[in-house]
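Visitor: Hi! I'm new to reading protein structures. Could you walk me through this one?

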Amino acid sequence: MFGDDEARGPRPLPVRRALVDDVYDAVLGLLMDQVIEPGARVNIDAVARDLDVSPTPVREALTRLEAEGLVAKRALKGYVAAPLLDEAGLRDLYDMRELLEPEAARRASTQLDQDVESELAESVVKMRTASAPDDDESFRNYRRFIDEDLHFHHLIAEQAQSPLLSEAIVRLRSHMHLYRLNFRHDFEHDTVSEHESILEALRRRDPAAAAEAMRTHIENSYRRLGPALAQRAENASE
């Protein structure tokens, strides 16, 4: 965990971009990787040391992340990482996904170019070959699987040619990413099969089929989270 009094070694930042954008990406990565754990205070000075920057761009990045709901500003505590969604919050997230992502898939089906189609197909292959067994030694494979899932949905959102729609989906998927990293369960085969169905509809340039395949995928994804939600509730009551 990224503590208050110590920092990890310097993380090299990309070049040719505005510093605040680089810092935003780096802090987002700390949240996504749970180096800064859900609910934990964000030590701005420690993050700045870790990234070898001044505190100012870190504060600017946190302001952006606050707008996205990934951190919150608390009196006397400063910024804290957003806690994981509770059951009601997760249901609301999926309801929003069902409103937005099928529409993105519908629009993307008429906008998809060959390069993005190939990238989507490559993502499906990577997900198919990644494994996610329960032993901790294979967490990196599991993480690659989750990252590819995120990448697949972001690509489709971007192809919808609607910046507002794409931005909304990316924000929702960030919360989904955090949640999945905390709850490992057997869903890989079904997820990949559903991604293949979405990709096939996109390849056919069939808007209705693409939207329906995405809607089915989201509905099934929520159902698959049932055991994890039940286990979380049971642990909380102990």
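Guide: Happy to: we'll chat about a hairpin, a helix and some salt bridges, and please keep in mind that this is a predicted model.

Visitor: Great, strands first. How do β1 and β2 pair?

Guide: Strand β1 covers residues 71-74 and strand β2 covers residues 78-81, and they pair in the antiparallel sense over 4 bridges. Together they form a hairpin with 3 residues between them.

Visitor: Which residue stands opposite Val-71?

Guide: That's Ala-81, in β2.

Visitor: And what about Leu-76 in the turn?

Guide: Leu-76 has a positive phi there, of about 70°.

Visitor: Where else is there a positive phi in a residue other than glycine?

Guide: Gln-161 is one example, with phi near 60°. You'll find Gln-161 in the loop between α6 and α7. Arg-205 is another, with phi near 55°, and Arg-205 comes just after α8.

Visitor: Let's switch to α8, then. How many residues does it have?

Guide: Helix α8 has 16 residues, from 188 to 203. From its first C-alpha to its last, α8 reaches 22 Å, close to the 22 Å expected at 1.5 Å a residue.

Visitor: Which residues of α8 are buried?

Guide: Among them are Val-192, Glu-194, Ile-198 and Leu-202.

Visitor: Glu-194 has a charge, right? What does Glu-194 form a salt bridge with?

Guide: Its partner is Arg-224, and the closest N and O atoms are 2.9 Å apart. This pair links distant parts of the chain, with Arg-224 in helix α9 and Glu-194 in helix α8, 30 residues apart. Arg-224 and Glu-194 are both buried.

Visitor: How many salt bridges does the structure hold?

Guide: The structure holds 14 of them. One is between Glu-117 and Arg-205, where the closest N and O atoms are 3.2 Å apart. Glu-117 lies in helix α5 and Arg-205 in the loop between α8 and α9, so this pair ties together parts that are 88 residues apart in sequence.

Visitor: Are those two buried or partly exposed?

Guide: One of each! Glu-117 counts as buried because its relative accessibility is 12%, under the 20% cut-off. Arg-205 counts as partly exposed, at 33%.

Visitor: What about Glu-200, what does it pair with?

Guide: Glu-200 forms a salt bridge with Arg-204, with the closest N and O atoms 4.0 Å apart. Glu-200 is partly exposed at 37% relative accessibility, and Arg-204 is partly exposed with a relative accessible area of 46%.

Visitor: Last one: which residues do salt bridges with shared partners join into one network?

Guide: Those are Arg-91, Asp-95 and Glu-98.

Key. Residues are numbered from 1 along each chain as its sequence is written. This is a predicted model: local features need pLDDT of at least 70, side-chain atom pairs count only at pLDDT 80 or more; totals for chains, interfaces and linings use all residues. Side-chain values use heavy atoms; hydrogens and water are left out. Two strands pair if DSSP finds at least two bridges between them. Helices (H or I, at least four residues) and strands (E, at least two) are DSSP runs, numbered from the N terminus. The expected span of a helix is 1.5 Å times one less than its number of residues. Buried means under 20% relative accessible area, exposed over 50%, partly exposed in between (1.4 Å probe, protein chains only). A salt bridge is a side-chain nitrogen of Lys or Arg within 4 Å of a carboxyl oxygen of Asp or Glu.
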